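This briefing covers strand pairing, nonpolar cores, a pocket and selected residues of a single model. Please consult the sequence and structure shown here alongside the text.

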Amino acid sequence: MFIPPRLRHTAAALLLLAGSIGPAHAELRPESVPGGVASILVAEASTPRPEVRYAGHPVLLQQRREGWYALVGLPLDTPVGDQYLEIGPDGARRTQPFHVAAKAYPVQRLTIKNPKMVNPDEEDLDRINAERDRQISVRSQFRDVPVPRTDLTLPATGRLSSRFGLRRIFNDEPRAPHTGLDVAVPTGTAVRAPADGVVTLVDDFYFNGKTVFVDHGQGFVSMVCHLDKAGVQLGQAVRRGDVLGQSGSSGRATGPHLHWSVYLNGAAVDPALFIGPQPAR
């Protein structure tokens, strides 16, 4: 194609610019509901990074053109109505309200073949409680590093099966809501890091089975579990797309699949908010 000389410089500049732009990625879709993520403008962009806490926990902050935004994870039991951020250091804090809307989650009934996975024996309860405390500690850590992206990549390619927030009934007995997103994949499927981070826990738990936690920074944490094998070590730095392990059915599972949880400021939030629309399968 002939390009007039006077336009060649402009065309070359445009081609260079196009080549420097990476592929588009999904954006976080905030939803201020129980189990969602509130995005709240808390300070002007020209000001120093503010100190922001919710329910006593520091929250993830991003500086954008419009200002500093707090990305706040809302637990599933968050009351509907006004909630409050604490902004500023001790002795000079102010509160900033934000609204939480209602959201109804459906019910899911499951049959578990091993009754001990529904009603554990007394000797297993000490292990279960200790494992829960360890996981709460790991997912509540705040590693103060920049988090330029809050979109995540689905850790495995497959049909999204059990969604986040389902009110679960195991063998006709109500249990805690589903705090993750399940992906229907066969045993041995590669499970990949949804974003850059550091591996903060690798273990085999009573309910979760073989589990890996990845800390993405500022209280932004992923967990993958029910693995057949883990392929990373504690303290290992990983990049988006690195293999964390292989899917399986360890722990309390009705069959092979991947369970993926996402946490912000210690709260389990809907992983689907961080990924793009998934094609129907």
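How many nonpolar, polar and charged residues are there in the lining of the second largest pocket? The lining comprises eight nonpolar, two polar and four charged residues. The model under discussion is predicted, and the points below are grouped by topic.

**The second largest pocket**

- The volume of the second largest pocket is about 230 Å³.
- Its lining consists of 14 residues, of which P148, R149, A195, D196 and H216 are the closest to the pocket centre.
- Empty space of this kind is revealed by rolling a probe the size of a water molecule over the atoms.

**Strands β14, β15 and β17**

- Strand β14 spans residues 197–205 and is joined by two bridges to strand β17, residues 237–238, with the two strands running antiparallel.
- Within this pairing, V198 has A237 of β17 as its bridge partner.
- Strand β14 also pairs with strand β15, residues 209–217, in the antiparallel sense and over seven bridges.
- D203 is matched with T211 of β15 as its bridge partner.
- The connection from β14 to β15 is a hairpin of three residues.

**A237 and T200**

- A237 lies in strand β17, whereas T200 lies in strand β14.
- A237 counts as exposed because its relative accessibility is 59%, above the 50% cut-off.
- T200 counts as buried because its relative accessibility is 17%, which is under the 20% cut-off.
- The two residues are 37 positions apart along the chain, and their C-alpha atoms are separated by 9.5 Å.
- Beyond residues up to four places away in sequence, A237 touches G197 and V198.
- With neighbours within four places in sequence set aside, T200 is in contact with V138, Q141, F213, V214, D215 and L234.

**Nonpolar cores**

- The largest nonpolar core contains 32 residues, and those touching the most other members are V37, L152, F220, V224, L258, W260 and F274.
- Two or more residues of this core come from each of β12 (181–184), β15, β16 (220–230) and β19 (258–264).
- The greatest contribution to this core is made by β19, which supplies four residues.
- W260 touches residues including L152, L154, L181, V224 and I275, apart from those up to four places away in sequence.
- Other contacts of W260 include T153, P155, G180, P194, S222, M223 and P271.
- A second, separate core has 16 residues, among them V42, V59, V72 and L85.
- Nonpolar side chains tend to be buried together in soluble globular proteins.

**Strand β5 and its partners**

- Strand β5, residues 67–73, has seven of its seven residues buried, so this strand is largely enclosed by the rest of the structure.
- Strand β1, residues 37–43, runs antiparallel to β5 and is joined to it by six bridges.
- The bridge partner of A38 in β5 is V72.
- Strand β4, residues 60–64, also runs antiparallel to β5, with five bridges between them.
- Opposite L61 stands A70 of β5.
- A hairpin of two residues links β4 to β5.

**The four-stranded open sheet**

- An open sheet of four strands follows the order β3-β2-β6-β7, and its pairing is antiparallel.
- The edges are formed by β3 (57–58) and β7 (94–100); each has a single partner strand, so one side of each is left without a neighbour in the sheet.
- Strand β6, residues 81–87, pairs with β7 in the antiparallel sense over seven bridges.
- D82 has H99 of β7 as its bridge partner.
- Side chains in a regular strand alternate between the two faces of the sheet.

**Residues with positive phi**

- A55, a residue other than glycine, has a positive phi near 55°.
- A55 is placed in the loop between β2 (52–54) and β3, and this residue is exposed, with a relative accessible area of 63%.
- N265, also a residue other than glycine, has a positive phi near 40°.
- N265 is placed in the loop between β19 and β20 (267–269), and this residue is buried, with a relative accessible area of 9%.

How values were computed. Residues numbered from 1 in each chain as written. Predicted model: local features only at pLDDT ≥ 70, side-chain atom pairs only at ≥ 80, totals over all residues. Heavy atoms only, no water. 1 Å grid on protein atoms, 1.4 Å probe; cavity = no way out; pocket = protein on both sides within 12 Å on 5 of 7 lines; lining within 4 Å. Points joined across faces, edges and corners; volume = space filled by probe spheres on them. Nonpolar A, V, L, I, M, F, W, Y, C, P; charged D, E, K, R; others polar. Pairing = 2+ DSSP bridges. Buried < 20%, exposed > 50% of the residue type's maximum accessible area, 1.4 Å probe, protein only. Contact = heavy atoms within 4.5 Å. Core = buried A, V, L, I, M, F, W, Y, C linked by side-chain atoms within 4.5 Å.
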